[in-house]
Amino acid sequence: MYQLKIAIANKILELSSVNAESLKPKLREIQRFSDFADACESMMQLYPNIQSELLQMVDNDDFDTAKASRTVDLILQNQHDVSSPAAFIEANDPEMRIPYNTGDPESDDIHTVSEEISRYDEDALIGAEEKKRRMILILKIVGVVIGLVLLFFIIKNYWEIILVVAGIVLAAFIIWKVYMWQKSKKNN
């Protein structure tokens, strides 16, 4: 995966000399390809051929995620063909189905790579939401700490003024309470 990330980064650097207007669509295409590669990271650990094929695509400046998905499907299908004679692939179907039988007659699962990738996307989304929650919590904590530090310095530097203002507010409150008490006493 590390080699693939370096290859993608090198392609982005190569594009830096291209006109800025034509750069945006290509960068979006590369970003989608990179996201797809990230989603396939655990599959690359199980099937190193996936990384090799994706690296070859990057070397050829081919960042078509649909083609990359078909390539991953073919590699997985070939792996399942070795273990299961019932495996097949529908080449014209955008969701390549890869059935495999584990030997258990009751276990005739049909597995699609796009389902597996969407599961990785969901995991990535959950991870992103968790990171966002943590970041918000950290920002709140930092905000409270900054507020307390500012309050400390304000009190430290202006404590006399704060005491005078607090005394005036307290005196006004007491006078108002006494006035209300006397007014209610007169009404009774």
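This note comments on a nonpolar core and on the aromatic pairs of a predicted model.

1. Local features of this predicted model require pLDDT of at least 70 and side-chain atom pairs pLDDT 80 or more, while totals for chains, interfaces and linings use all residues. Residues are numbered from 1 along each chain as its sequence is written, and side-chain values use heavy atoms, without hydrogens and water.

2. The largest nonpolar core (buried Ala, Val, Leu, Ile, Met, Phe, Trp, Tyr and Cys residues joined through side-chain atoms within 4.5 Å; buried means under 20% relative accessible area, exposed over 50%, partly exposed in between, with a 1.4 Å probe and protein chains only) has 23 residues. Those touching the most other members are Leu4, Phe33, Met44, Ile50, Leu54, Val58 and Val72. Two or more residues each come from helices H1 (2-15), H2 (20-39), H3 (41-46), H4 (48-59) and H5 (65-83); helices are DSSP runs of H or I with at least four residues, numbered from the N terminus.

3. Beyond its neighbours within four places in sequence, Phe33 has contacts (heavy atoms within 4.5 Å) that include Ile8, Leu54, Val58 and Phe63.

4. There are three aromatic pairs in the structure; rings of Phe, Tyr and Trp (its six-membered ring) pair if their centres lie within 6.5 Å, with planes under 30 degrees apart stacked, over 60 edge-to-face and the rest tilted. Phe152 and Phe153 form an edge-to-face pair, because their ring centres are 5.4 Å apart and their planes at 70°. Phe153 is partly exposed, at 41% relative accessibility.

5. Phe173 and Trp176 form a tilted pair, with ring centres 6.2 Å apart and planes at 35°. Both residues lie in helix H6 (residues 113-187), three residues apart, about one turn of the helix. Phe173 is partly exposed at 46% relative accessibility, and Trp176 is partly exposed with a relative accessible area of 46%.
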